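Open the model in a viewer and keep the selection panel at hand. The tour moves from a pair of helices to a small set of charged side chains.

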Amino acid sequence: MAFTPRFVTAILDWRPTWFIARLALTSAYLLGGIVKLTDWQGAVAEQAHFGMSPPALWAALTIGLELVGPVLILTGRLVWLGAGMLGVFTLLAAFTANAFWTMPMGQERFMATNAFFEHIGLIGGFIAVAMIAQRREADA
C-alpha cells in the first residue's frame, strides 16, 4: 500500500491545482502562438527555416493550433481535442525540428536528442490530461 504524504494530497486535492497543471503544460504553446501572432514575419520565417511550404500557410496553422489547443484544454471544453491537436502538432514538430538521427555526433545532436525526447514527454502529458479530463467528466 502506497503512502502519500498529507501535504501532497492537499496539493493534489486543491481545486486550482488542476487548472495550474494544465496551464503549465500548455503555457509554451499559448505564449508561442501569441508571439507568432504579433510577429507574423518571424512566424513565416520560422516555417521557411524548417522547410515548410508554403510558409505563410504553415505559420497560420501553427498559430491556430498553439492558441486553440490550450484554450480548449484550459476551459475544460473538448479537452481531448485540444490535447490531441497539441499532441499531434508536437509529434510532427519533434520530427521536423529535432531530427537528431540525421546529425553527426556532437553538441548539436545532443541538444536535438534532448529536445526530441522532451517533445515526447509533452505528448505523454497531453495524453494524461485527456485521460484525467475524461475521468473527471465521467465522475461529474
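The stops below cover a helix packing and then the salt bridges, in a model that is predicted.

**Stop 1: two helices.** Select residues 15-38, helix α2, and residues 55-75, helix α4; their axes come within 8 Å and cross at roughly 155 degrees. Roughly antiparallel is assigned to angles over 145 degrees, so α2 counts as roughly antiparallel to α4. The crossing of this pair is left-handed.

**Stop 2: the contact between them.** On α2, show the contact residues, among them Phe19, Leu23, Tyr29, Leu30, Ile34, Lys36 and Leu37. On α4, the residues to show include Ile63, Glu66, Leu67, Pro70, Ile73 and Leu74. By class, the contact of α2 with α4 holds 11 nonpolar, 5 polar and 3 charged residues.

**Stop 3: Lys36.** How many salt bridges does the rule count? The count is 2.

Select Lys36 with Glu66: their side chains form a salt bridge at 3.1 Å, N to O. Glu66 sits in helix α4 and Lys36 in helix α2, 30 residues apart. Glu66 is buried, at 6% relative accessibility, and Lys36 is buried as well, at 13%.

Now add Glu46, whose salt bridge with Lys36 has its closest N and O atoms 3.7 Å apart. Glu46 belongs to helix α3 (residues 40-49) and Lys36 to helix α2, so this pair ties together parts 10 residues apart in sequence. Glu46 is partly exposed, with a relative accessible area of 31%.

**Stop 4: the network.** Keep Lys36, Glu46 and Glu66 displayed together: salt bridges with shared partners join them into one network.

Key: Residues are numbered from 1 along each chain as its sequence is written. This is a predicted model: local features need pLDDT of at least 70, side-chain atom pairs count only at pLDDT 80 or more; totals for chains, interfaces and linings use all residues. Side-chain values use heavy atoms; hydrogens and water are left out. Axes are lines fitted to C-alpha atoms, for helices over the stretch in contact, and angles run from 0 to 180 degrees between N-to-C directions. Helices (H or I, at least four residues) and strands (E, at least two) are DSSP runs, numbered from the N terminus. Angles under 35 degrees count as roughly parallel, over 145 as roughly antiparallel, 65 to 115 as roughly perpendicular and the rest as oblique. A crossing is left-handed if the near helix is turned anticlockwise from the far one by less than a right angle, and right-handed if clockwise. Contact means heavy atoms within 4.5 Å. Ala, Val, Leu, Ile, Met, Phe, Trp, Tyr, Cys and Pro count as nonpolar, Asp, Glu, Lys and Arg as charged, and the others, Gly among them, as polar. A salt bridge is a side-chain nitrogen of Lys or Arg within 4 Å of a carboxyl oxygen of Asp or Glu. Buried means under 20% relative accessible area, exposed over 50%, partly exposed in between (1.4 Å probe, protein chains only).
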